[in-house]
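Reader: I should be grateful for a close look at one part of this structure, namely the sheet and the helices that pack on it.

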Amino acid sequence: MKIQLNNNAEELAGDSMTVTDLLKVKNFTFKMLVIKINGALIRKSEYGIAQIRDGDDVHVLHLISGG
Amino acid sequence: MTFDQISKILKTKKVGIAGCGGLGSNCAVALVRAGVGTLVLADFDIVTRSNLNRQYYFMDQVGMKKTEALRENILRINPNVTIEAHDLRLTRENAAVIFKGCEVVVEAFDLADQKEMFIETILTEMPSVPLVIGLGMAGWGMNNTIHCRKADNLYICGDEISEIGPELPPIAPRVGMVANMQANVVLEILLNVESSEK
């Protein structure tokens, strides 16, 4: 499937995957995250069930300290 | 638009700033100079000497509450600005109450867990309000790594990589770049909304 990940085109295996799968595939191991799929905020408790499908617009923000 | 026309629009606008440190104090000053009429400031901290390497405060303000010191500095730039200053810690419970009525909210916290809490809260409680966050600005140099991108109603300013640490402190130039970038996005949002409503 093809998705938009952080404003970039990304091709991933399969027709869908959970947020947990995506974090594994992309090796995103950060603790502090904000994730949105098609504009909707995905809570941490939903990472294992929220599905990402072909054409989705996904944002994964890695929150880092500084300001 | 002329600067007079811009100022006339911005004078009617209310912007929230969450945190009055390096990002918040510099962003607030840029917005006031541009002509934003009302700012809602929130911070629980006091000015320390170590803040002066990047934050918009002065040596004689060390020990003051940041909200009060920033109010003082803003009113020296423009005494006609309305400042709602909240000397408190923003939480999941009070954030939406404090920033109620703001047309844009700026996230200007220091710590990652606070950023996460605040972004989640505003996206959930105030989903229609644009949120401009600062993410990654530690160190020096690397001008071209700093960028701005949009995720729906969420605007991300910074390099998204540089985390502060003992060997990579936050310093005025890059913190100021991101703070001013955030202010620039706020103007873009406020002025675009206005021109599309006409």
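Author: The sheet is described below, followed by its helices and one residue. This is a predicted model, in which local features need pLDDT of at least 70 and side-chain atom pairs count only at pLDDT 80 or more, while totals for chains, interfaces and linings use all residues. Residues are numbered from 1 along each chain as its sequence is written, chains are lettered from A and ligands numbered from 1 in the order in which they are written, and side-chain values use heavy atoms, with hydrogens and water left out.

In chain B, 7 strands form an open sheet with mixed pairing, in the order β3-β2-β1-β4-β5-β7-β6. Strands are DSSP runs (E, at least two residues), as are helices (H or I, at least four), numbered from the N terminus; two strands pair if DSSP finds at least two bridges between them. The edge strands of chain B, β3 (82-86) and β6 (147-151), each pair on one side only. Strand β2 (residues 38-42) of chain B pairs with β3(B) in the parallel sense over 5 bridges, and B:L39 stands opposite B:I83 there.

Helix α2 (residues 22-34) of chain B lies across β1, β2, β4 and β5 of chain B, at about 165 degrees to β1(B). Angles run from 0 to 180 degrees between N-to-C directions, with axes fitted to C-alpha atoms, for helices over the stretch in contact. Helix α5 (residues 112-125) of chain B also packs on the sheet, making about 170 degrees with β5(B).

B:A179 is found in helix α6 (residues 172-197) of chain B. B:A179 counts as buried because its relative accessibility is 0%, buried meaning under 20% relative accessible area (1.4 Å probe, protein chains only). B:A179 touches B:G22, B:L23, B:N26 and B:C27, not counting residues up to four places away in sequence, contact being heavy atoms within 4.5 Å.

Note on methods:
Buried < 20%, exposed > 50% of the residue type's maximum accessible area, 1.4 Å probe, protein only.
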